[in-house]
Amino acid sequence: MDLSPTKGKLAENYFRNGYNCSQSVALAFCDEMNMEKDTVARLTIGFGGGVGRMREICGAVSGIAFVLSALYGDKGRAYVYALIQNAAKKFRCENGSIVCHELLGIEEPVFDPIPEKRTVGYYKKRPCPHIIHKAADILDEILQSQKK
């Protein structure tokens, strides 16, 4: 019996430990990408908060795109784009949008580069832990289907 956490739970744990949404999804797949955690965290930091905290495309979706690019970039753009579009479609079906400010219920994005402090209240008001969990599970499902 495999007692290791799901990719979704692993990604959620990274988020709850201070990583942003994009980092959290990507970090859950370091082994698959054969990349060091420090490298992945550095390369994905700017995609958090809807890319640079501008609340545009969800960082969890950007994390998915990063992982798929790292794993399948040698197969060409059309192949990678198709995988990303499939993942985004599944993500949108699960969450209603792939846009950060829509997921957060913010009408107009606020351009403030300073992340909010991670407090108990922060996690209670944000859908992010659940969204990140789902994003990593969607990505894991896609990766498993690629092995078949």
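Glutamate 94 is partly exposed, with a relative accessible area of 46%. Keep in mind as you look around that this is a predicted model. Glutamate 94 has a partner: its side chain forms a salt bridge with lysine 134, and the closest N and O atoms are 3.2 Å apart. The two residues come from distant parts of the chain, since glutamate 94 sits in helix α6 (residues 77-95) and lysine 134 in helix α9 (residues 128-147), 40 residues apart. Lysine 134 is also partly exposed, at 24% relative accessibility.

**More salt bridges**

How many salt bridges does the model have? The count comes to 8. Three of them are set out here.

| Pair | Closest N to O distance |
|---|---|
| Glutamate 94 and lysine 134 | 3.2 Å |
| Arginine 53 and glutamate 116 | 3.9 Å |
| Glutamate 116 and lysine 125 | 3.0 Å |

Take the pair of arginine 53 and glutamate 116, whose closest N and O atoms are 3.9 Å apart. Arginine 53 lies in the loop between α4 (37-44) and α5 (59-72), while glutamate 116 lies in the loop between α7 (100-104) and α8 (120-125), so this salt bridge ties together parts that are 63 residues apart in sequence. Is arginine 53 buried or exposed? With 14% relative accessibility, arginine 53 counts as buried, because the cut-off for that word is under 20%. Glutamate 116, at 31%, counts as partly exposed.

Glutamate 116 also meets lysine 125 in a salt bridge, at 3.0 Å from N to O. Lysine 125 is exposed, with a relative accessible area of 55%. Salt bridges with shared partners join Arg53, Glu116, Lys125 and Arg126 into one network.

**Helix α4 and its two faces**

Now turn to helix α4, where you will find alanine 41. Its relative accessibility is 11%, so alanine 41 counts as buried. Which residues does alanine 41 touch, leaving out those up to four places away in sequence? They are Tyr19, Gln23 and Leu27. For glutamine 23, the C-alpha atom lies 5.4 Å from that of alanine 41, although the two residues are 18 apart in sequence.

Alanine 41 has company, as Val40, Ala41 and Thr44 are buried in α4. Why do they share a side of the helix? They cover an arc of only 100° around the axis, which puts them on the same side of α4. A general rule about helices is handy here: an α-helix has 3.6 residues a turn, so residues three or four places apart point the same way. The face of α4 turned away from the buried side carries the exposed residues Asp38 and Arg42. Over the buried residues of α4 lies a cover that includes α2 (21-27), α3 (30-33) and α5.

**The largest pocket**

Finally, look for the largest pocket, which has a volume of about 420 Å³. It is lined by 26 residues, and the closest to its centre are Asn20, Gly48, Gly49, Arg55 and Tyr122. Which elements give two or more residues to this lining? They are α5, α7 and α9. Sorted by kind, the lining residues of the largest pocket divide into 14 nonpolar, 7 polar and 5 charged.

Notes. Residues numbered from 1 in each chain as written. Predicted model: local features only at pLDDT ≥ 70, side-chain atom pairs only at ≥ 80, totals over all residues. Heavy atoms only, no water. Salt bridge = Lys/Arg side-chain N within 4 Å of Asp/Glu carboxyl O. Helix = DSSP H or I, 4+ residues; strand = E, 2+ residues; numbered from the N terminus. Buried < 20%, exposed > 50% of the residue type's maximum accessible area, 1.4 Å probe, protein only. 1 Å grid on protein atoms, 1.4 Å probe; cavity = no way out; pocket = protein on both sides within 12 Å on 5 of 7 lines; lining within 4 Å. Points joined across faces, edges and corners; volume = space filled by probe spheres on them. Nonpolar A, V, L, I, M, F, W, Y, C, P; charged D, E, K, R; others polar. Contact = heavy atoms within 4.5 Å. Arc of directions from axis to C-beta.
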